[in-house]
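Work through the exercises below with the sequence and the structure at hand, and try each task before reading its solution.

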Amino acid sequence: MKLKSLIAASILGLTAGGALADGHGGIKVGMITTLSGGGAGLGIDVRDGFMLAIAQSGRTDIDVIIEDDQQKPDVAVQLADKMIQSDQVDVMTGIIWSNLAMAVVPSAVAQGKFYLSPNAGPSQLAGAGCHQNYFNVAWQNDNLHEAAGAYANTAGYANSFILAPNYPAGQDALTGYKRMYEGELAGEIFTELGQTDYAAEIAQIRASGADSVFFFLPGGMGISFLKQYADSGVDLPVVGPAFSFDQGILQAVGAAALGVVNTSQWSKDIDNPTNAAFVESFQAEYGRLPSLYASQGFDTANLLISALEVAAPADADAFRAALKAADFDSTRGDFAFGPNNHPIQDIYAREVIQEGDIFTNRIIGVALEDHGDVYAADCKM
């Protein structure tokens, strides 16, 4: 079955390879992700990266049921209930947004399901709310923002203006930046989730006396802000996490993003064979360069596959131990789980560049090395 047909079949709730339909066993994976609206590009990339890894594995025993959460917590909860109670999935994955993760994950793991997060990493699930069946394959929300704060120090920024949307990941973002950043704050704003007009915020930045701007505005929010910022004439250096400068966003932003430094645990130019093969095969299959989100979906699927080589989810203890071992080749190179099942990994500083007609990123250094998260100390697993 060709990959695009495999994805289409999975969206309809059919089998990924036929084993389940033939009654030969296998596992069911429930993927709830954002496939419509302003955040659709993120969910599509997670889905495509995940399904590429499934296809490349050659396994015919993994049934992936894919549903669109529409970026709405109530829809995500309804879909999760259906997947757990009616579809009887073994493993869940896919959620992009932290407010949706908080609505779904605690209930899912309490019912004995395994959840592998390819993106959202709210602090609540890394600390006191950690769970043995919850594994984050991307990062804890604060991490990339902590790296941005560390980079700001090395760049000599001493008076940053910071802003992010007012939801769990946005709150974690500003917390993370301030944890590592050693300078003063010229201003701090929480914007509305989904906001598209930033004239008022840019006016505040202009009047603030800041020497730099840090922002976390994923998806369409980041596109809107960067275009308006570039048009405003405010000429302060910008630093941020990859979410606003990733491959799926840069083409829409264009030259306004050139030279911006952003932080990421992944980049297409990480020099290892797995990453090189992933970038090449993703571009060949989908006709576009992969994003951060695509790499996270790909790694999440390969983690799952590595655990299935050891045990089935029905053997919960053995399957859990196999996940914890993280015995797979990550696009990031070195990858390990900390005590709270969140990654320990390098986080890079990247610069936005132009290659021909394509805007993309290149690594300029390591912002944080073998970095975990501060919430692990509160996890009592």
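Two residues are in contact when heavy atoms lie within 4.5 Å. The model used throughout these exercises is a predicted one.

**Exercise 1.** Find where Ala-322 is placed, decide whether Ala-322 is buried or exposed, and name its contacts beyond its neighbours within four places in sequence.

*Solution.* Begin with the secondary structure, where Ala-322 belongs to helix H13, which covers residues 316-325. Next, take the relative accessible area of Ala-322, which is 8%; because buried means under 20%, Ala-322 counts as buried. Finally, set aside the neighbours within four places in sequence, and the contacts of Ala-322 are Ala-307 and Val-310.

**Exercise 2.** Describe the largest cavity and work out where it lies relative to the two domains.

*Solution.* The structure has 2 cavities of 30 Å³ or more, and the volume of the largest is about 110 Å³. Its lining is made up of 15 residues, with Ile-96, Asn-119, Trp-139, Tyr-167 and Phe-216 nearest the centre. Sorting this lining by type gives 11 nonpolar residues, 4 polar and no charged. Domain 1 (28-139 + 271-340) and domain 2 (143-264 + 347-371) both contribute lining residues, so the largest cavity lies between them.

**Exercise 3.** Describe the lining of the second largest cavity.

*Solution.* This second largest cavity holds about 50 Å³ of space. Among the residues that line it are Asp-246, Lys-268, Arg-350 and Pro-290. Divided by type, the lining of the second largest cavity has 2 nonpolar, 4 polar and 3 charged residues.

Key
Residues are numbered from 1 along each chain as its sequence is written. This is a predicted model: local features need pLDDT of at least 70, side-chain atom pairs count only at pLDDT 80 or more; totals for chains, interfaces and linings use all residues. Side-chain values use heavy atoms; hydrogens and water are left out. Helices (H or I, at least four residues) and strands (E, at least two) are DSSP runs, numbered from the N terminus. Buried means under 20% relative accessible area, exposed over 50%, partly exposed in between (1.4 Å probe, protein chains only). On a 1 Å grid over the protein atoms alone, a cavity is a set of points where a 1.4 Å probe fits but cannot get out, and a pocket is an open set with protein on both sides within 12 Å along at least five of seven lines; lining residues have an atom within 4 Å of a point. Grid points are joined across faces, edges and corners, and a volume is the space filled by probe spheres set on the points. Ala, Val, Leu, Ile, Met, Phe, Trp, Tyr, Cys and Pro count as nonpolar, Asp, Glu, Lys and Arg as charged, and the others, Gly among them, as polar. Domain bounds come from an automatic or database domain assignment.
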